[in-house]
Amino acid sequence: MSFLRIENLSVAIRGGGPLLRRVSLEVAAGEVMALVGESGAGKSMIGKAVLGILPRAAQITEGRIWLDGEDLLALSATARRQRIGAKAALIPQDPLTALNPVRRIAPQITDRLVDILGWDRAKAEARARDLLGEVQIADPDRVMRSYPHELSGGMRQRILIASAFAAEPRLIVADEPTTALDVTVQKQILRLIRDMQARHGTALLFVTHDLGVVSKICQRLTVLYGGLVLEQTDVRAFFKAPGHPYSAALLAATPRHDDPEASLNPVPEAVIAAAQAEVAAFDRSAPHG
Amino acid sequence: MHDGRGAVRRRAGARLWLSAGWLTLAGGAALLAPWIAPHDPLAQDLFAGRMPPFWVAGADPAYPLGTDSLGRDVLSRILHGGRIAFLVALIAGLATAVLGATLGLLAGFFRGWVDVAISRLIDIWMAFPPVLFSILLIAVIGPGLWSIIIAIIVIDWTRFARVVRAEAMGQGAMDYVASARVAGRGRISTLVVEILPNVLPTIVVLLTLEMGIAVIVEAILSFVNLSISTDSPTWGGMIAEGRTSVHQAWWVLVLPLIALFLTVLAFSQLGEGLKDRFDPVLR
Amino acid sequence: MLRQVLLRLVTTLVTLFGVAVIVFVVIRVVPGNPVAMMLPPGAGPEDMARLQALYGLDKSIPKQFVIWLGGVVQGDFGTSITTRQPVAGLVLGRLPATLELSVMALVIAVVWGGIVALVGTRFRGGRAEAAIDVGNGIALSVPDFLWGLVLILLFGVLWPVFHISGRVSPSLDLPFVTNFYLFESVIRLRFDLWWDIVGHMLMPALALAFPLAAIVAQLLKQSLKETMHLDYVTLARTKGYGETRVILREALRNAVLPTLTLVGVQFTFLIGGTVIVERLFSYEGLGNMAIDAVINRDLPLIQGIVILFAVIFTAVNLIVDLLYAVLNPRLRHA
């Protein structure tokens, strides 16, 4: 059963051009779906639309989103918000800015459990302590009493991961969760996310521009250009033979982890022009583009 | 198009024009007061005391805005009072701007001990309650038009000095200043030719705001009876008199109050409007 | 941290010393002779000299300053020329009235401005915010003196529901031992008196509060709007919180910090404004006394009041800095 199903989702700037063009995708329980593309391809916009945190200037113009079998867009704003809070979570990009600097760590992990799911505070704190242990934080009690600025970037990302898993969500959106981190920490965090996701059987939507990371933790991937899905396929098949010229160019442009010295091939202009033409063709064929 | 900025800009534009319009009207009327005022503002007519303004029953058409308890024409007094208000605003505002901006430029551009001395002085000045300080100064140098102007300059130069100092510091760190110096410009010449023009919009905005402050200070001082000699009509003096007889003749208080309110509001809104206009320079 | 506090105290003392010197010098170059006004007609020059000697006005200015400073260190601010009572006692007797008025105005300004900022942020981008901006602009442009006059007209004359003169109804019997009337009436549970005092203070307090409320609203709203774009606020939204809760719990405390310092400076302006507002409402505080002292050329009294105002100003700045450190966990542990 799929925990997340998106059908023909279009997002546009209010009174302006489209950001997503009829995107459809599905993520099953325990599955990791990568969203890949260059900056501006709309990959983060999908996660934001699902979590209900689109910027004020953007709005959903068509399509549907099912979270755990429930049609989100059919719900009232309040109900949708609470349903998302209970069943989905975000692992943000920059752990340094994603924790509130004036609040201690403990309530930042437990507040969702207490306020949205109605847990008892003591039970929520016990849960937070267990989770901090699970993300390999040595001294959970001290950390829970700390303020964010007293902890390292890697620690804070572990906390944010623990917080994301706190309510046993069906879906987690990870928005480039390692780009802001030190290279040495990146690998540990990546492994942690994969292990946690596998253990909890969560569906994971993994937004990234790094195909090297995709090969390590994802099963399927969606390649986007200009808010349009160019290819959606199995990761193993993709690395063997990308199904779209743009995907192939993107793959060729990725630095190889086994040979970082190898020269990079930027995406050729002809390929970009072809992708742009595809977007333009889509807009012409769309009934209201 | 649903662009919020367009609406904001239109509103800002309207604000600018309304304020400028009122100031032109009131300033022009004040300037021409001796010719357009229907009566001598000091002439008393004890038989025509507390005549109401024209729209109230029992008004005398000779006194369109009524008379005060001594039978003096309110309209003529407001016009002549405006003359003093605008005179103070103009002279005190300009002089304060020149003094404060000069000190601010010197502190911000030369840094070092000049800056330390001027900044210390600003700190000390900021520890004075301004209204009390102005009243104290007037008491010391004696009432009069020039005393008010001097008091405003002495108290408010810090408003210019603080802001201009910070701006000059920022401008002084820019590349164009360094290249002017490399090209062989002297220090003073760099200050006047390169930095001053860039700080000028800020000074103009502050000057507009300062003129509003000068009007209010003049009103406050004449309210506590320390302004001009008592026989010159001033808005503050009229308000002080009107306050005592407000239950018998509200117009003696209300009409000069409206004039004062609108003038102060207009100066301030004009300044804020100009600030938005100059936005790229100011931020 | 301790070193910084000590350094702040030293610069504060330097500032206060500067204030004292300036006031001292300014007052003593007065052309009119205050002693001459005290003498009955027909008094000779020797009477004048005797009186001047009595107030120490016959010595050189630096010498007078040293004597005065020596007294100040022992808590002696000299004797008022008009009332012939010790300045320290007179000034401290009036201080509570001014403090109560200033604090009441501050509370009104912060509560009102805070609510306006929250409402403006909650409904940002709409008509409500536009209306708030216009209202703020007007409230900011018009100083406390004019608001006072407007309030007198509205609630003293047109619709006379509040007192516009004095601190308490003269007919009331006051059981107070301190001059903190408002505070003491609560302690003594005399709510009848409390109500009367509030009725007297509300108008001048509102006049003082209007401009500050607008500043609080403007700064806090801007700060809140900036905070609403930050990552931890976005993260809180994904947890299922509504807009109001996100503003109150995630954004507010962070947004308050940058506002606080500026409000501190503005509060000193508010205290400065009590001088004319107290006069306007015949409120028996320090400011009203100051204007009388200036009109009567009561040099020792003027000196004492100005110094006290300077002490209050610098104390407020000091308190604001400490509050900032307490509210900001990043500084608390540094």
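User: How do you know how many salt bridges cross the interface of chain C and chain B?

Analyst: In this predicted model, the rule requires a side-chain nitrogen of Lys or Arg within 4 Å of a carboxyl oxygen of Asp or Glu. Across the interface of chain C and chain B the rule finds zero such pairs, so no salt bridge is assigned there.

User: What makes residue pairs between chain C and chain B count as polar contacts, and how many are there?

Analyst: A pair of N or O atoms must lie within 3.5 Å, and within protein one must be able to donate a hydrogen and the other to accept it. Five residue pairs between chain C and chain B, both at pLDDT 80 or more, are in polar contact.

User: Which elements of chain C give two or more residues to the side that touches chain B?

Analyst: They are α1, α6 (127-141), α7 (144-158), α11 (243-280), α12 (286-295) and α13 (299-327) of chain C. The residues of that side divide into 37 nonpolar, seven polar and three charged.

User: How do you know that chain C and chain B are in contact?

Analyst: Contact means heavy atoms within 4.5 Å. By that cut-off, 47 residues of chain C are in contact with 34 residues of chain B. Chain C and chain B bury about 3,600 Å² between them, with 83% of it on carbon and sulfur atoms.

User: Why is chain C described by two ranges, and what are they?

Analyst: Chain C is described in this way because a domain assignment, automatic or from a database, sets the bounds: domain 1 covers 2-73 and domain 2 covers 93-332. Taken over C-alpha atoms, the centres of domain 1 and domain 2 of chain C are separated by 33 Å.

User: What makes domain 1 and domain 2 of chain C count as touching?

Analyst: With the same kind of test, heavy atoms within 4.5 Å, 16 residues of domain 1 of chain C are in contact with 13 residues of domain 2 of chain C. The two domains bury about 1,400 Å² between them, 76% of it on carbon and sulfur atoms. In domain 1, C:Arg8, C:Leu16 and C:Ile27 lose the most area to domain 2, together 34% of what that side buries.

User: How many salt bridges and polar contacts join these two domains of chain C?

Analyst: The rule finds zero salt bridges across the interface of domain 1 and domain 2 of chain C. The count of residue pairs in polar contact, both at pLDDT 80 or more, is also zero.

User: Which element gives the most to the side of domain 1 of chain C that touches domain 2?

Analyst: That element is α1(C), with ten residues. The residues of this side divide into twelve nonpolar, two polar and two charged.

Notes:
Residues are numbered from 1 along each chain as its sequence is written. Chains are lettered from A and ligands numbered from 1 in the order in which they are written. This is a predicted model: local features need pLDDT of at least 70, side-chain atom pairs count only at pLDDT 80 or more; totals for chains, interfaces and linings use all residues. Side-chain values use heavy atoms; hydrogens and water are left out. Buried area is the accessible area (1.4 Å probe) that two parts lose on being put together, summed over both. A polar contact is a pair of N or O atoms within 3.5 Å; within protein, one must be able to donate a hydrogen and the other to accept it, and residues adjacent in sequence count only if both atoms are side-chain atoms. Helices (H or I, at least four residues) and strands (E, at least two) are DSSP runs, numbered from the N terminus. Ala, Val, Leu, Ile, Met, Phe, Trp, Tyr, Cys and Pro count as nonpolar, Asp, Glu, Lys and Arg as charged, and the others, Gly among them, as polar.
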